[in-house]
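Me: Hi! I am new to reading protein structures, and I would like to practise on one. Could we go through it together, one question at a time?

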Amino acid sequence: MSDTAAPDVLVLRKGTHGIPIEQYADAIRDRLPDHTVALARTPAEERDAIRDATFVTGMTLEADLLDAAENLSVFACAYAGTGHLPLEKLEERGVAVTNASGVHGPNIGEHVLGSILHFTRRFHVGARRQRRREWRHYRARELQGSTVTIVGLGAIGRAVCDRLEPFGVETIGVRYTPEKGGPTDEVIGFEGAAFDDALARTDYLVLACPLTETTRGLLDHEAFVTIDPDAVLVNVARGPVVETDALVEALRSNWIRGASLDVTDPEPLPEEHPLWTFENVQITPHNAGHTPQYYDRLADIVAENVTRIDDDGADADLENQVLP
């Protein structure tokens, strides 16, 4: 056992977005001035500190590190996705798991809006002519009156809807449970004629869904044949939601107007991949999630849950709880 008392919150050493993990620990301390917050900065410090820790937060939790945790009751994952965690072991141990859902809403919402406007006003054409020092007019478009389909109505999908609201567009939302409704003008499910009909009348298709058995390969050859050829794809979800070969075929065949890809399959995209060569493809290196506010928003979630545990103990209803 460790000779020192366990901290109220233990922060593991892995950071993200190139931002020092110390900023995350400091942000939690600012919100919980009456609690002890420790940062384990080396593998040895992690193994030692996690033995007695009850509340741990970090980007990941390896199975061997979990084995060393004797009193863990809550793991606050600092990513929105939790598929990389040893979830079965955590469930067997009765550890509550929370995630970072909602942290990315504002920044990814802005990324999507920027991508849509990029293709609406055809900034890529202007940039190309600027590089050539060529003063020659080109045709642009208006976003107003367009139809935007948003696949996934979680925190990111809702943030996209909020930012589109002033632009006078029609929105279609796609979710597993369409009967729950949503912030879009119309809500449909993933399967059947309704989804195909949405593809056929979509000007901008935004993928903001998790990667599941349902969404893997959602945009395949048949989907690209169905989609309006004037449509633009914006993918901020996961690369495998789109069948890459089908996307390349669609671009080569002019089945879509263009694509903005923050994620790809494979990822990173190999240097020799043909997607790099299309002038109507915008590629960013899984960068939509970057925000200088990341740790502050994470710390808000952690501080809220620590407070709830202080008030209600083991029966506390935790924000963003995904397990059990």
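**A walk through the model**

Reply: Gladly! Let us start inside one helix: D26 and R29 both sit in helix α1, three residues apart, which is about one turn of the helix. Keep in mind that this is a predicted model.

Me: How far apart are the closest N and O atoms of D26 and R29 in their salt bridge?

Reply: Side chains of opposite charge can pair when their charged atoms come close. A salt bridge needs a Lys or Arg side-chain nitrogen within 4 Å of a carboxyl oxygen of Asp or Glu. D26 and R29 form such a bridge, and the separation of their closest N and O atoms is 2.8 Å.

Me: Is D26 buried, partly exposed or exposed?

Reply: Buried means under 20% relative accessible area and exposed means over 50%, with partly exposed in between. D26 has 38% relative accessibility, so D26 counts as partly exposed. Its partner R29 has a relative accessible area of 33%, so R29 is also partly exposed. For D26, then, the answer is partly exposed.

Me: How many residues apart along the chain are E46 and R13?

Reply: The side chains of E46 and R13 meet in a salt bridge, at 3.1 Å from N to O. This pair links distant parts of the chain: E46 belongs to helix α2 (residues 43-49), while R13 belongs to the loop between β1 (9-11) and α1 (21-31). Their separation along the chain is 33 residues.

Me: Which class does E46 fall into, buried or exposed?

Reply: The cut-off for buried is under 20% relative accessible area. R13 has 35%, so R13 is partly exposed. E46 has 8% relative accessibility, so E46 counts as buried.

Me: Which residue pairs with D230 in a salt bridge?

Reply: Look at the loop between α9 and β10 (232-235) for D230, and at the loop between α6 (123-131) and β6 (147-151) for its partner, 89 residues apart. D230 is partly exposed because its relative accessibility is 29%. The side chains meet at 2.9 Å, N to O, and the partner of D230 is R141.

Me: How many salt bridges does the count come to?

Reply: Some charged residues join in a network of salt bridges, as R31, D296 and D300 do. The pair D230 and R141 also meets the rule for a salt bridge. By this rule the count comes to 15.

Me: Which helix gives the most residues to the largest nonpolar core?

Reply: The largest nonpolar core has 33 residues, and V151, L207, L219, F224, L233 and L247 touch the most other members. Several elements each supply at least two residues of this core, including β7 (170-174), α8 (193-200) and α10 (244-252). With five residues, the element that gives the most is α10.

Me: What percentage of the residues of the protein count as buried?

Reply: Here we step back to the whole protein, which has eleven helices and 13 strands. Its C-alpha atoms fill a box of roughly 70 × 50 × 35 Å along the principal axes. Of its 324 residues, the share that counts as buried is 47%.

Me: Is D317 buried or exposed?

Reply: D317 lies in the loop between α11 (294-312) and β13 (321-323). On the surface, D317 gathers with D8, D310, D311, D312 and D315 in a patch of negative charge. Its relative accessibility is 61%, so D317 counts as exposed.

Me: What is omega near for the peptide bond from E267 to P268?

Reply: P268 is found in the loop between β11 and β12, and P266 lies in the loop between β11 and β12 (281-283). The bond from D265 to P266 is cis, with omega near 10°. The bond from E267 to P268 is cis too, with omega near 0°.

Me: What is phi of H17 near?

Reply: H17 has its place in the loop between β1 and α1. H17 is partly exposed because its relative accessible area is 27%. Its phi is positive although H17 is a residue other than glycine, and the value is near 60°.

Terms used: Residues are numbered from 1 along each chain as its sequence is written. This is a predicted model: local features need pLDDT of at least 70, side-chain atom pairs count only at pLDDT 80 or more; totals for chains, interfaces and linings use all residues. Side-chain values use heavy atoms; hydrogens and water are left out. Patches are made of residues with over 30% relative accessible area and no salt bridge: like charges are joined within 9 Å, nonpolar side chains (Val, Leu, Ile, Met, Phe, Trp, Tyr) within 5 Å. Accessible areas come from the Shrake-Rupley method with a 1.4 Å probe; for residues, only the protein chains shown count as cover. Lys and Arg count as positive and Asp and Glu as negative; His and the chain ends are not counted. The place of a charge is taken as NZ of Lys, CZ of Arg, CG of Asp or CD of Glu. Helices (H or I, at least four residues) and strands (E, at least two) are DSSP runs, numbered from the N terminus. Buried means under 20% relative accessible area, exposed over 50%, partly exposed in between (1.4 Å probe, protein chains only). A nonpolar core is a set of buried Ala, Val, Leu, Ile, Met, Phe, Trp, Tyr and Cys residues joined through side-chain atoms within 4.5 Å.
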